[in-house]
Amino acid sequence: MIVKVNNLVKRYKELIALDHFNMEVEEGEILGLLGPNGCGKTTAINCILSLLNFDKGEIEVLGKKMTPDSYDIKKQIGLVPQEVSVFEKLTVKENIDYFCGLYIEDKNLREQYVEEAIEFVGLKKYEKFYPKKLSGGLKRRLNIACGIAHKPRLIFLDEPTVAVDAQSRNFILDGIKKLNKEGSTIIYTTHYLEEIEMLCKRIIIMDNGKSLVSGTKEELKAMITTSEKIIVGFLNIEDETINKMKNIPHVIDVEKDDEYYIIKFENGINNLANLLEFIKENNLTYTKLHSQLPSLNDVFLELTGKELRD
Ligand SMILES: Nc1ncnc2c1ncn2[C@@H]1O[C@H](COP(=O)(O)OP(=O)(O)OP(=O)(O)O)[C@@H](O)[C@H]1O
Ligand SMILES: [Mg+2]
(Lines give C-alpha, C1' and ligand atoms only; values in the text may rest on other atoms or scores of the structure.)
(Ligands and ions follow the chains in the order given, each with its own letter.)
Protein backbone atom coordinates (compact mmCIF):
# COMPACT_ATOMS: atom_id res chain seq x y z
CA MET A 1 0.00 0.00 0.00
CA ILE A 2 1.37 3.39 -0.97
CA VAL A 3 -1.17 5.24 1.21
CA LYS A 4 -2.95 3.91 4.27
CA VAL A 5 -5.44 6.01 6.21
CA ASN A 6 -7.01 4.54 9.28
CA ASN A 7 -9.96 6.04 11.19
CA LEU A 8 -9.09 9.64 10.43
CA VAL A 9 -11.09 12.22 12.37
CA LYS A 10 -10.86 15.95 11.61
CA ARG A 11 -12.98 18.59 13.31
CA TYR A 12 -13.34 22.25 12.46
CA LYS A 13 -14.74 23.38 15.83
CA GLU A 14 -18.11 21.58 16.11
CA LEU A 15 -18.13 20.48 12.48
CA ILE A 16 -16.88 16.95 11.89
CA ALA A 17 -15.28 17.11 8.45
CA LEU A 18 -13.79 13.60 8.56
CA ASP A 19 -15.55 10.99 10.60
CA HIS A 20 -13.38 7.87 10.91
CA PHE A 21 -12.38 8.07 7.27
CA ASN A 22 -10.50 5.10 5.81
CA MET A 23 -8.59 4.79 2.60
CA GLU A 24 -6.02 2.46 1.07
CA VAL A 25 -4.19 3.12 -2.16
CA GLU A 26 -2.21 0.54 -4.08
CA GLU A 27 0.92 1.54 -5.93
CA GLY A 28 0.25 2.00 -9.65
CA GLU A 29 -3.49 2.60 -9.55
CA ILE A 30 -5.71 5.56 -10.35
CA LEU A 31 -8.02 5.83 -7.38
CA GLY A 32 -11.11 8.00 -7.66
CA LEU A 33 -12.36 9.77 -4.56
CA LEU A 34 -15.96 10.54 -5.37
CA GLY A 35 -18.35 12.52 -3.23
CA PRO A 36 -20.60 15.59 -3.12
CA ASN A 37 -19.46 19.12 -2.26
CA GLY A 38 -18.37 19.40 1.34
CA CYS A 39 -18.05 15.65 1.99
CA GLY A 40 -14.41 16.05 3.03
CA LYS A 41 -12.30 15.20 -0.03
CA THR A 42 -9.97 18.21 0.18
CA THR A 43 -9.73 17.93 3.96
CA ALA A 44 -8.71 14.28 3.59
CA ILE A 45 -5.96 15.16 1.11
CA ASN A 46 -4.65 17.99 3.26
CA CYS A 47 -4.50 15.73 6.31
CA ILE A 48 -2.73 12.97 4.36
CA LEU A 49 -0.11 15.49 3.21
CA SER A 50 0.30 16.88 6.74
CA LEU A 51 -0.81 20.31 5.55
CA LEU A 52 -3.53 20.17 8.14
CA ASN A 53 -3.46 18.64 11.59
CA PHE A 54 -6.17 16.22 12.62
CA ASP A 55 -7.80 14.95 15.76
CA LYS A 56 -7.47 11.19 15.51
CA GLY A 57 -6.29 8.39 13.26
CA GLU A 58 -3.18 7.08 11.53
CA ILE A 59 -1.70 7.99 8.18
CA GLU A 60 1.06 6.13 6.39
CA VAL A 61 2.50 7.28 3.08
CA LEU A 62 5.11 5.28 1.16
CA GLY A 63 5.30 2.90 4.07
CA LYS A 64 6.14 5.54 6.69
CA LYS A 65 4.23 7.64 9.18
CA MET A 66 3.59 11.03 7.62
CA THR A 67 4.59 14.16 9.56
CA PRO A 68 4.82 17.86 8.57
CA ASP A 69 8.60 17.58 8.17
CA SER A 70 8.70 14.26 6.29
CA TYR A 71 10.70 15.89 3.51
CA ASP A 72 11.91 12.57 2.07
CA ILE A 73 8.29 11.47 1.59
CA LYS A 74 7.05 14.85 0.40
CA LYS A 75 9.51 15.07 -2.46
CA GLN A 76 7.99 11.91 -3.90
CA ILE A 77 4.51 13.44 -3.80
CA GLY A 78 2.84 15.87 -6.18
CA LEU A 79 -0.21 17.92 -5.24
CA VAL A 80 -2.44 19.71 -7.71
CA PRO A 81 -4.63 21.71 -5.34
CA GLN A 82 -8.29 22.49 -5.93
CA GLU A 83 -7.70 26.24 -5.90
CA VAL A 84 -5.19 27.27 -8.56
CA SER A 85 -2.15 28.40 -6.57
CA VAL A 86 0.58 29.98 -8.64
CA PHE A 87 2.57 33.18 -8.30
CA GLU A 88 1.14 36.09 -10.27
CA LYS A 89 4.53 37.80 -10.38
CA LEU A 90 6.23 34.82 -12.06
CA THR A 91 5.79 33.69 -15.65
CA VAL A 92 4.51 30.23 -16.58
CA LYS A 93 8.05 28.88 -16.85
CA GLU A 94 9.28 30.60 -13.69
CA ASN A 95 6.34 29.23 -11.73
CA ILE A 96 7.05 25.67 -12.81
CA ASP A 97 10.75 26.16 -12.11
CA TYR A 98 9.96 27.47 -8.62
CA PHE A 99 7.79 24.48 -7.65
CA CYS A 100 10.17 21.99 -9.25
CA GLY A 101 13.06 23.67 -7.42
CA LEU A 102 11.49 22.83 -4.06
CA TYR A 103 12.53 19.23 -4.69
CA ILE A 104 15.07 19.15 -7.50
CA GLU A 105 18.30 20.93 -6.68
CA ASP A 106 20.41 19.92 -9.67
CA LYS A 107 20.10 22.82 -12.10
CA ASN A 108 20.47 20.86 -15.33
CA LEU A 109 18.08 18.15 -14.28
CA ARG A 110 15.61 20.78 -13.16
CA GLU A 111 15.82 22.56 -16.49
CA GLN A 112 15.03 19.31 -18.26
CA TYR A 113 12.09 18.55 -15.93
CA VAL A 114 10.64 22.06 -16.36
CA GLU A 115 10.84 21.72 -20.17
CA GLU A 116 9.16 18.34 -19.99
CA ALA A 117 6.37 19.67 -17.76
CA ILE A 118 5.72 22.58 -20.14
CA GLU A 119 5.47 20.15 -23.06
CA PHE A 120 3.33 17.82 -21.03
CA VAL A 121 0.60 20.39 -20.35
CA GLY A 122 0.95 21.99 -23.78
CA LEU A 123 2.02 25.45 -22.58
CA LYS A 124 5.13 25.94 -24.72
CA LYS A 125 3.53 28.88 -26.54
CA TYR A 126 2.69 30.52 -23.23
CA GLU A 127 5.86 29.93 -21.23
CA LYS A 128 6.63 33.65 -20.97
CA PHE A 129 3.07 34.62 -20.05
CA TYR A 130 2.05 35.78 -16.60
CA PRO A 131 -0.83 33.80 -15.06
CA LYS A 132 -3.33 36.65 -15.30
CA LYS A 133 -3.08 36.49 -19.08
CA LEU A 134 -4.04 32.80 -19.17
CA SER A 135 -7.60 31.52 -19.60
CA GLY A 136 -9.11 29.42 -16.80
CA GLY A 137 -8.28 26.17 -18.56
CA LEU A 138 -4.68 27.16 -19.30
CA LYS A 139 -4.23 28.28 -15.69
CA ARG A 140 -5.42 24.86 -14.56
CA ARG A 141 -2.83 23.29 -16.85
CA LEU A 142 -0.15 25.48 -15.27
CA ASN A 143 -1.36 24.41 -11.83
CA ILE A 144 -0.94 20.79 -12.92
CA ALA A 145 2.55 21.41 -14.35
CA CYS A 146 3.62 22.97 -11.04
CA GLY A 147 2.37 19.92 -9.15
CA ILE A 148 3.98 17.24 -11.29
CA ALA A 149 7.20 18.71 -12.73
CA HIS A 150 9.42 16.96 -10.16
CA LYS A 151 8.13 13.54 -11.41
CA PRO A 152 6.51 12.38 -8.19
CA ARG A 153 5.68 8.76 -7.51
CA LEU A 154 2.34 9.65 -5.94
CA ILE A 155 0.10 12.43 -7.28
CA PHE A 156 -2.98 13.99 -5.71
CA LEU A 157 -5.24 15.86 -8.11
CA ASP A 158 -8.07 17.73 -6.42
CA GLU A 159 -10.80 18.49 -8.97
CA PRO A 160 -8.36 19.55 -11.70
CA THR A 161 -11.02 19.97 -14.37
CA VAL A 162 -13.47 22.29 -12.63
CA ALA A 163 -14.40 25.25 -14.84
CA VAL A 164 -12.31 24.01 -17.73
CA ASP A 165 -13.41 23.93 -21.38
CA ALA A 166 -13.82 20.58 -23.13
CA GLN A 167 -10.51 20.83 -24.97
CA SER A 168 -8.43 21.50 -21.86
CA ARG A 169 -10.40 18.87 -19.98
CA ASN A 170 -9.54 16.15 -22.49
CA PHE A 171 -5.95 17.32 -22.51
CA ILE A 172 -5.83 17.03 -18.72
CA LEU A 173 -7.53 13.62 -18.60
CA ASP A 174 -5.22 12.18 -21.28
CA GLY A 175 -2.25 13.62 -19.38
CA ILE A 176 -3.32 11.91 -16.18
CA LYS A 177 -3.58 8.56 -17.97
CA LYS A 178 -0.10 9.13 -19.36
CA LEU A 179 1.36 9.95 -15.94
CA ASN A 180 -0.15 6.75 -14.64
CA LYS A 181 1.26 4.71 -17.54
CA GLU A 182 4.67 6.17 -16.78
CA GLY A 183 4.37 4.74 -13.28
CA SER A 184 2.79 7.36 -11.01
CA THR A 185 0.05 6.40 -8.61
CA ILE A 186 -2.85 8.84 -8.87
CA ILE A 187 -5.51 9.93 -6.40
CA TYR A 188 -8.18 11.86 -8.20
CA THR A 189 -11.06 13.69 -6.55
CA THR A 190 -14.07 14.88 -8.43
CA HIS A 191 -17.82 14.98 -8.45
CA TYR A 192 -17.89 14.34 -12.21
CA LEU A 193 -19.01 10.76 -12.68
CA GLU A 194 -17.96 10.55 -16.32
CA GLU A 195 -14.36 11.34 -15.39
CA ILE A 196 -14.32 8.68 -12.72
CA GLU A 197 -15.81 6.14 -15.15
CA MET A 198 -13.17 7.04 -17.72
CA LEU A 199 -10.09 7.19 -15.54
CA CYS A 200 -10.31 5.17 -12.41
CA LYS A 201 -9.74 1.53 -11.79
CA ARG A 202 -11.00 1.75 -8.23
CA ILE A 203 -13.33 4.18 -6.53
CA ILE A 204 -14.06 5.25 -2.99
CA ILE A 205 -17.44 6.84 -2.47
CA MET A 206 -17.47 9.42 0.33
CA ASP A 207 -20.30 11.16 2.10
CA ASN A 208 -20.36 13.21 5.31
CA GLY A 209 -16.69 12.62 6.07
CA LYS A 210 -16.94 8.86 5.79
CA SER A 211 -15.84 6.38 3.15
CA LEU A 212 -19.05 4.51 2.36
CA VAL A 213 -17.76 1.86 -0.02
CA SER A 214 -14.79 1.11 -2.20
CA GLY A 215 -14.29 -1.14 -5.20
CA THR A 216 -14.14 -1.28 -8.96
CA LYS A 217 -17.03 0.23 -10.92
CA GLU A 218 -18.37 -3.26 -11.52
CA GLU A 219 -18.13 -4.19 -7.86
CA LEU A 220 -19.92 -1.01 -6.77
CA LYS A 221 -22.69 -1.50 -9.30
CA ALA A 222 -23.15 -5.10 -8.22
CA MET A 223 -23.67 -3.94 -4.62
CA ILE A 224 -26.97 -2.26 -5.33
CA THR A 225 -30.34 -3.89 -5.88
CA THR A 226 -31.19 -2.18 -9.13
CA SER A 227 -29.43 -3.97 -11.97
CA GLU A 228 -31.24 -2.47 -14.93
CA LYS A 229 -33.45 0.50 -15.70
CA ILE A 230 -35.76 0.60 -18.68
CA ILE A 231 -36.87 4.05 -19.72
CA VAL A 232 -40.13 4.28 -21.63
CA GLY A 233 -42.30 7.07 -22.96
CA PHE A 234 -45.96 5.96 -22.98
CA LEU A 235 -48.88 7.57 -24.73
CA ASN A 236 -51.97 7.68 -22.49
CA ILE A 237 -51.18 5.23 -19.76
CA GLU A 238 -53.57 4.79 -16.82
CA ASP A 239 -52.42 4.77 -13.19
CA GLU A 240 -53.94 1.34 -12.83
CA THR A 241 -51.73 -0.04 -15.61
CA ILE A 242 -48.68 1.49 -13.96
CA ASN A 243 -49.54 -0.34 -10.78
CA LYS A 244 -49.98 -3.58 -12.69
CA MET A 245 -46.53 -3.06 -14.18
CA LYS A 246 -45.04 -3.55 -10.72
CA ASN A 247 -46.09 -7.21 -10.96
CA ILE A 248 -43.81 -7.89 -13.91
CA PRO A 249 -41.10 -10.28 -12.63
CA HIS A 250 -38.12 -8.52 -11.03
CA VAL A 251 -39.61 -5.00 -11.17
CA ILE A 252 -38.71 -3.16 -7.97
CA ASP A 253 -40.10 0.24 -8.76
CA VAL A 254 -41.69 2.41 -11.41
CA GLU A 255 -40.92 6.13 -11.32
CA LYS A 256 -42.05 9.03 -13.45
CA ASP A 257 -39.44 11.53 -14.60
CA ASP A 258 -40.89 14.45 -16.60
CA GLU A 259 -42.22 12.67 -19.67
CA TYR A 260 -40.71 9.21 -19.20
CA TYR A 261 -41.29 6.26 -16.93
CA ILE A 262 -38.27 4.62 -15.35
CA ILE A 263 -38.83 0.97 -14.59
CA LYS A 264 -36.23 -0.42 -12.21
CA PHE A 265 -35.41 -4.11 -12.21
CA GLU A 266 -33.43 -6.25 -9.85
CA ASN A 267 -31.40 -9.19 -11.19
CA GLY A 268 -33.17 -10.84 -14.07
CA ILE A 269 -32.27 -11.63 -17.61
CA ASN A 270 -35.55 -11.25 -19.51
CA ASN A 271 -36.51 -7.80 -18.28
CA LEU A 272 -36.92 -6.22 -21.69
CA ALA A 273 -38.79 -9.21 -23.13
CA ASN A 274 -41.14 -9.30 -20.14
CA LEU A 275 -41.85 -5.60 -20.42
CA LEU A 276 -42.54 -5.81 -24.17
CA GLU A 277 -44.91 -8.69 -23.50
CA PHE A 278 -46.74 -6.56 -20.91
CA ILE A 279 -46.96 -3.67 -23.36
CA LYS A 280 -48.50 -5.93 -26.00
CA GLU A 281 -50.98 -7.53 -23.61
CA ASN A 282 -52.17 -4.14 -22.44
CA ASN A 283 -52.27 -2.55 -25.89
CA LEU A 284 -49.94 0.25 -24.83
CA THR A 285 -48.26 2.57 -27.30
CA TYR A 286 -44.78 3.86 -26.55
CA THR A 287 -42.74 6.67 -28.06
CA LYS A 288 -39.31 5.70 -26.84
CA LEU A 289 -37.83 2.76 -25.02
CA HIS A 290 -34.31 1.97 -23.93
CA SER A 291 -32.46 0.00 -21.31
CA GLN A 292 -29.75 1.42 -19.05
CA LEU A 293 -27.32 -0.28 -16.71
CA PRO A 294 -27.00 1.40 -13.32
CA SER A 295 -24.62 4.35 -13.08
CA LEU A 296 -22.37 5.37 -10.23
CA ASN A 297 -25.01 7.95 -9.46
CA ASP A 298 -27.49 5.11 -8.87
CA VAL A 299 -24.98 3.52 -6.53
CA PHE A 300 -24.65 6.78 -4.62
CA LEU A 301 -28.43 7.30 -4.62
CA GLU A 302 -29.12 3.87 -3.23
CA LEU A 303 -26.41 4.14 -0.56
CA THR A 304 -27.29 7.63 0.68
CA GLY A 305 -30.81 8.35 -0.53
CA LYS A 306 -29.65 11.48 -2.35
CA GLU A 307 -28.25 12.56 -5.71
CA LEU A 308 -24.51 13.06 -6.09
CA ARG A 309 -24.96 16.23 -8.11
CA ASP A 310 -26.28 19.38 -6.42
N1 LIG B 1 -10.99 25.89 7.11
C2 LIG B 1 -12.21 25.43 7.39
N3 LIG B 1 -12.89 25.86 8.47
C4 LIG B 1 -14.11 25.38 8.78
N5 LIG B 1 -14.77 24.45 8.05
C6 LIG B 1 -14.15 23.97 6.97
C7 LIG B 1 -12.85 24.43 6.57
N8 LIG B 1 -12.50 23.78 5.44
C9 LIG B 1 -13.51 22.95 5.15
N10 LIG B 1 -14.51 23.06 6.06
C11 LIG B 1 -15.77 22.27 6.07
O12 LIG B 1 -15.42 20.90 6.13
C13 LIG B 1 -16.27 20.12 5.31
C14 LIG B 1 -15.44 19.38 4.28
O15 LIG B 1 -14.89 20.32 3.36
P16 LIG B 1 -13.96 19.91 2.14
O17 LIG B 1 -13.47 21.15 1.53
O18 LIG B 1 -12.96 18.92 2.62
O19 LIG B 1 -15.00 19.17 1.19
P20 LIG B 1 -14.82 18.69 -0.33
O21 LIG B 1 -15.35 17.30 -0.38
O22 LIG B 1 -13.44 18.92 -0.77
O23 LIG B 1 -15.83 19.64 -1.10
P24 LIG B 1 -15.76 20.24 -2.60
O25 LIG B 1 -16.28 19.17 -3.51
O26 LIG B 1 -16.70 21.40 -2.54
O27 LIG B 1 -14.35 20.63 -2.87
C28 LIG B 1 -17.28 21.10 4.71
O29 LIG B 1 -18.43 21.07 5.49
C30 LIG B 1 -16.58 22.43 4.81
O31 LIG B 1 -17.52 23.47 4.92
MG1 LIG C 1 -12.63 20.00 -2.27
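**Figure 1. Buried residues and overall build of the predicted model.** Of the 310 residues in the protein, 48% are buried. The model is predicted. Its secondary structure comprises eleven helices and 14 strands. Along the principal axes, the C-alpha atoms fill a box of roughly 80 × 45 × 35 Å. Take the contacts between residues at least 6 apart in sequence: 66% of them join residues at least 24 apart.

**Figure 2. Two domains along one chain.** The domain assignment places domain 1 at residues 3–221. Domain 2 follows at 225–293. How far apart are the C-alpha centres of domain 1 and domain 2? They lie 43 Å apart.

**Figure 3. The annotated stretch, residues 3–233.** An unreviewed UniProt entry labels this stretch "domain: ABC transporter". Over residues 3–233, helix accounts for 35% of the chain and strand for 29%. The C-alpha atoms at the two ends of the stretch are 48 Å apart.

**Figure 4. Helix α3 against helix α4.** Two packed helices are described by the angle between their axes and the distance between the axes. Here, helix α3 spans residues 92–101 and helix α4 spans residues 107–121. The two pack at an angle of about 125 degrees. Their axes are 10 Å apart. Why are α3 and α4 called oblique to each other? An angle over 145 degrees would count as roughly antiparallel, and 65 to 115 as roughly perpendicular. The angle of about 125 degrees falls in neither range, so α3 and α4 are oblique. The crossing of α3 past α4 is right-handed. On the α3 side, K93, I96, D97, C100 and G101 make the contact. On the α4 side, the partners are R110, Y113, V114, E115, A117 and I118.

**Figure 5. F87 in the loop before α3.** The loop holding F87 runs between β6 (77–80) and α3. Is F87 buried, partly exposed or exposed? Its relative accessible area is 38%, so F87 is partly exposed. Leaving aside neighbours within four places in sequence, F87 contacts N95, Y98, F99 and P131. K4 is 83 residues from F87 along the chain. The C-alpha atoms of F87 and K4 are separated by 32 Å.

**Figure 6. A166 in helix α6.** Helix α6 covers residues 166–181 and includes A166. Why does A166 count as exposed? The cut-off for exposed is over 50%, and A166 has 56% relative accessibility. A166 and G137 are 29 residues apart in sequence. In space, C-alpha to C-alpha, A166 and G137 are 9.1 Å apart.

Terms used
Residues numbered from 1 in each chain as written. Chains lettered and ligands numbered in written order. Predicted model: local features only at pLDDT ≥ 70, side-chain atom pairs only at ≥ 80, totals over all residues. Heavy atoms only, no water. Domains from an automatic or database assignment. UniProt positions renumbered as here; feature names shortened; annotations may be inferred. Helix = DSSP H or I, 4+ residues; strand = E, 2+ residues; numbered from the N terminus. Buried < 20%, exposed > 50% of the residue type's maximum accessible area, 1.4 Å probe, protein only. Axes fitted to C-alpha atoms, helices over the stretch in contact; angles between N-to-C directions. Parallel < 35°, antiparallel > 145°, perpendicular 65-115°, else oblique. Left-handed = near helix turned anticlockwise from the far one by under 90°. Contact = heavy atoms within 4.5 Å.
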